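Grab your viewer and a coffee. Here are some exercises to work through, each with its solution spelled out step by step.

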Amino acid sequence: MSGSQWELPPELCCRPMAFVALTGLDVTYNAVHRAIWDAFCANRRADRVPISFKVLAGDHEYPKCRTKRTSYEWYIPKGILKTGWMHKHLNLVPALVVLFYELDWDDPQWKEKQSECATKVEIVSLQGRNTKVAVVLIQKKTPLPPGEDLVASERASSLCNACDLSGKSLFVLPHTDHLVGYIIRLENAFYEHAQTYYYTEIRRVKSHKEFLNKTTHQLLFVRHQFKIAFFSELKQDTQNALKYYRTAYSLVHELRAHETNMLEIKTMAGFINYKICRLCFQHNTPLDAIAQFRKHIDLCKKKIGSADLAFEHTAWMSKQFQSFGELFDEAIKLGLTAIQTQNPGFYYQQAACYSQDRKLTAQQLCQAGAVCPIPDPLDTPTGGLDFYGQRAWRQGHQSIDPPDPEKERTGILALQIKERDVPHSELIIALLSNAVAQFKKYKCPRMKSHLMVQMGEEYYHAKDYTKALKLLDYVMCDYRTERWWALLTAILSTALRCSYLMANVKDYMAYCMELLGRASTLKEEQKSRIEKNLLKVLKNEVPDAEPDCEPSGSSAAAALWKDRMAPSGSNEFSIEVQDYVPFIQCKARFLAPSFHVDQPIQLQVFLRADCPHPISFNKLSVSLSNQSYNQWCVVEASGQDPMLLTPGETSCFSFNFVAKTQDVGKKIEMTGIELMLGSGRWVFISWRGAGGDAASAHEALQASRSARPRGPGSGARPEGAWDALTIQHSTMIISRVPKISVQLSHQPPALNNEMYCITLSIQSQEEGVAREVRLTAGLKPGQDANLSQATHVTLDRGQVCDASDPALLPDIPLGDLNPGHKVEQRVYVRCVSTGPRVFLFHVAYSINTSVDGQEIDCNCHKDETIAIETVEPFDVSSKFVSTKLEPLDRVVVDIPFVLMTDLLSSSPWPLLLHSSSLQLVTMATCTPHPQSQLEQVVLQTGECASECFCLQCPSGAEANGTVATGQYVISWRRESSSLDTPLVHTTVPLPHIPLENIPLYIHAELPSFGRVRETLPVRYHIENRTALVQQVEMAVEPSDAFMFSGLKQVRLHILPGAEQQMLYNYYPLMAGYQSLPQLNISLPRCPATDTHTLRRFLPQRIFVKPQGRELDDASIAAA
């Protein structure tokens, strides 16, 4: 069989579609025919019928039909399925032949063209087959509706008779703008004809069943069921196709299997299984497809066949898994959902496993020196096989024993020789690559890593060492992270062999270093051999060959290594081992997370070797973020004696240096550590940062978890002590500790708007002179931005701060400060809003000091912060009352009223109220020069001070609106402050009040009290405040407490601006507080003004004393 015998035929894998042949179209030279052909085949959407079109010549020769068999009595089949049968019905034998012919109904040469068309129909007819012929007339004119064109009907009937066609096989195709629409209608008609053809073929195949017997015709039962299923697929009846394929699959496993027909049975079983699984996925029943495939594998996995060709079975099994994986993947692309535990990757992986078994079996069975026999038993006269799955040297043979043992032997030998040339590793790598892509897609990282290792090993066997190392390096990171040390060791061993065979010096040394490390699970003798080779490379010598390498590869590698040892080659290599687990461990630390600038910075580097034998090194250096310090962090071997690292022991190297004063406030970090090894070749092993490797973080965690208090006599294990070492990769250089004391004195809380005094006292405790002492005082940065606008700081106590003063005063010079001396500074803060604030007092100075014998100039500073709460000194409330001290919600133009203010002290300290004043806007005082009633009043906490002002609104103000009163200004300070402290002026805005204008103002004159049964004169003054004569109607209501004399009801006319007086004599009848008789007033010309509005200016009650008697001197004396 051919080398691609395990590939499924393309006819099996494609979607079967009805084959329709188009003749009579000249698509090369005729533009109309070309447009018709493009409409058939270009841009076919999914909603168009599934037909495969092909343009054939009018005289094309179709496959001839064999003579139909009338009896199967003496017929013995030679195989199950011919290799060309599917191709024949997909591409050679059409279900319908369509003849295109240009002919209009009104063509003047109708008779001649009708005869020509009939001749062409006769030529394209397939003799002996059920294929129908249809004729499509290409016309230039759009036809009339059926029944209207009598000529067309007559000539259509005549043409059908001449061509021996039914009326359903004649079509008209107008070449108009709607060509595609006509083509789609034609397609649907062609599809119906094709359906009829395949239905007829299915019935024809089914009719053979009655002639068959199960004794000699078992193969035909399988063949016929397969053909019926295939024709059903061509008919697009996939449900019946699946049913017949299942029947064929059951029948193929009922065949008697032996070595001579085992391959044919498995081949057909594989074909039918592929069809069943494909249709199950197509029907969206993936579980049925998976169940069918598992059943297929269970039935076939033990049908190995000839033992000498066992590699064929593994190749076939591999192809089964690969094909199912491809089907699964195709279904996923069409919308099927897969999961982690059931995805195509598992089938590709299993296919790769069988391919690996195939390679091993082929290596065992195929002889290396065998020569292919002549003539080649795999050659056939036709170049191919007649039936799927048969041997080339005995085609059509169905008996148990081979016809010619010698031919059988040479045929098997030829297959073995052919298998020897198969690129097994390429096949395995392709399958593993597909599996890796699937597992990556479904987020299965461990499966992906496992298969990548297998790919790397296959590349190694294929001698593609570069790709092998690339893959193995990729997965090593995962295995280091997850600490699979045994797996990592195996991968490193393979990588070491690859690097040796490539003579890759740098990679070879890196893998040696890791295989010597603590993560390696190699035995001591293996590590000793590797260390010996590493030392040879470091001496620029050729290392010994790695075990398990092919002799030919080892000899070629030795020649490459000799070239690498040439003097012209590079002798310096740098290997970064941070992400590995090398044989030398490194940890470094600064002895403290921060150092003062007047202290030497100290760091330590710890080294530990894990190799079997001591290792020497020439130089150790530490790189810092500030490279100017690197010169102090280097140690080198002296003379010819290198420094040694003893296995299992920790070596410590200490470094110290003095920081520069300009680096105060900066962080110093270790950027790398470098160790130089070698004599003839130098290798620089480098660690990023402060050392550590891929395993040290987990080891440190384990050490911290297992740490237990030990007894006084217990000693720590060296491994535990090493694991407990922590890495400190950075340190901060901070300023020298200041030797000054800073004390703050103040009286919290601060009062809003006052000049709050904070006294700062600085005393030097330095041994030398503190030079250039500077103070920065004020609001600490980083707080709410609004506080910066509401806080002002000054040193001048003579005037109150304003918005021009800053919130922070920087660098206030205080001069030099001698040892033991003290300096004071007062700072004044004004806060114009309440709430907490944090104030900063930063004292900085310079001083000379000595560090390790070096004189340095240090800048020292000390910060003190205080939180001060700002509160309001007092709460101010105000209200408007009438002259009778009744609350007012509005005032009247030119009518006096009273403004009353209350100050409630909320300060914890006594307040001295210096003065108070009004700043009026609209109102005017009734007193020409009002004096403050709060002058020099001292308020204790919780005390209240009140004062009142008599105001009135002048007549020029606009009435019937809300007017502003003005501001109330209080000048004050703390009682404890000195006399020269500036006063604080607190301004309180007074509330707005509605203003109204009344047409009539009335008020009364009466004594302060009355007496029972004594006359009480009451005079009412009525004033007209309008520009019109006002008519006033007045009436006095009777009262039980008074009798009165005067007009009870009167009507008056009052001129503009004039005043009228009414006198009444009231005669009290009862003692006590009594309501005066009510005066009802109405203004007919001002209906909006009611009695209540005018009556509010009159007194409502008066106190009446009881009737007394005259007291003489005797009674007074007696009393």
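The exercises below cover a pocket, a sheet, some cysteines and a tryptophan, and they use a predicted model.

**Exercise 1. Find which residues and elements line the largest pocket.**

Step 1: Start with the volume, which is about 1,000 Å³ for the largest pocket.
Step 2: Go to the centre. Of the 36 lining residues, R66, K82, W85, K88 and K227 are the closest to it.
Step 3: Now look at who contributes. Two or more lining residues come from each of α3 (85-92), α6 (179-206) and α7 (218-234). The largest share, 5 residues, belongs to α7.
Step 4: Sort the lining by class, and you get 13 charged, 13 nonpolar and 10 polar residues.

**Exercise 2. Work out the strand order of the open sheet with 5 strands, and say which strands stand at its edges.**

Step 1: Walk across the sheet: the order is β19-β26-β25-β21-β23, with mixed pairing.
Step 2: Check the ends. β19 (750-751) and β23 (808-817) each have a single partner strand, so each has one side without a neighbour in the sheet.
Step 3: Zoom in on one pair. β25 (residues 835-851) and β26 (residues 854-871) run antiparallel, joined by 17 bridges.
Step 4: Pick one of those bridges to check by eye: R837 has I868 in β26 as its partner.

**Exercise 3. Decide how many disulfides the model has, then look into C512 and C948.**

Step 1: Apply the cut-off, a pair of cysteine sulfur atoms within 2.5 Å. The count comes to 0 disulfides.
Step 2: Take C512. Its nearest cysteine sulfur is that of C611, 12 Å away, so with a 2.5 Å cut-off C512 is in no disulfide.
Step 3: Check the surroundings of C512: at a relative accessible area of 0%, C512 is buried.
Step 4: Do likewise for C948. The sulfur of C950 is the nearest one, 8.5 Å away, and C948 is in no disulfide. C948 has a relative accessible area of 36%, which makes this residue partly exposed.

**Exercise 4. Is W561 buried or exposed, and which residues does W561 touch?**

Step 1: Locate W561 in helix α20 (residues 551-564).
Step 2: Read off the accessibility. Buried means under 20%, and W561 sits at 0%, so W561 is buried.
Step 3: List the contacts, leaving out residues up to four places away in sequence: W561 touches S499, Y500, A503, V505, Y508, V537, V542 and P543.
Step 4: For scale, compare with F230. W561 and F230 are 331 residues apart in sequence, and their C-alpha atoms are 63 Å apart in space.

Terms used
Residues are numbered from 1 along each chain as its sequence is written. This is a predicted model: local features need pLDDT of at least 70, side-chain atom pairs count only at pLDDT 80 or more; totals for chains, interfaces and linings use all residues. Side-chain values use heavy atoms; hydrogens and water are left out. On a 1 Å grid over the protein atoms alone, a cavity is a set of points where a 1.4 Å probe fits but cannot get out, and a pocket is an open set with protein on both sides within 12 Å along at least five of seven lines; lining residues have an atom within 4 Å of a point. Grid points are joined across faces, edges and corners, and a volume is the space filled by probe spheres set on the points. Helices (H or I, at least four residues) and strands (E, at least two) are DSSP runs, numbered from the N terminus. Ala, Val, Leu, Ile, Met, Phe, Trp, Tyr, Cys and Pro count as nonpolar, Asp, Glu, Lys and Arg as charged, and the others, Gly among them, as polar. Two strands pair if DSSP finds at least two bridges between them. Buried means under 20% relative accessible area, exposed over 50%, partly exposed in between (1.4 Å probe, protein chains only). Contact means heavy atoms within 4.5 Å.
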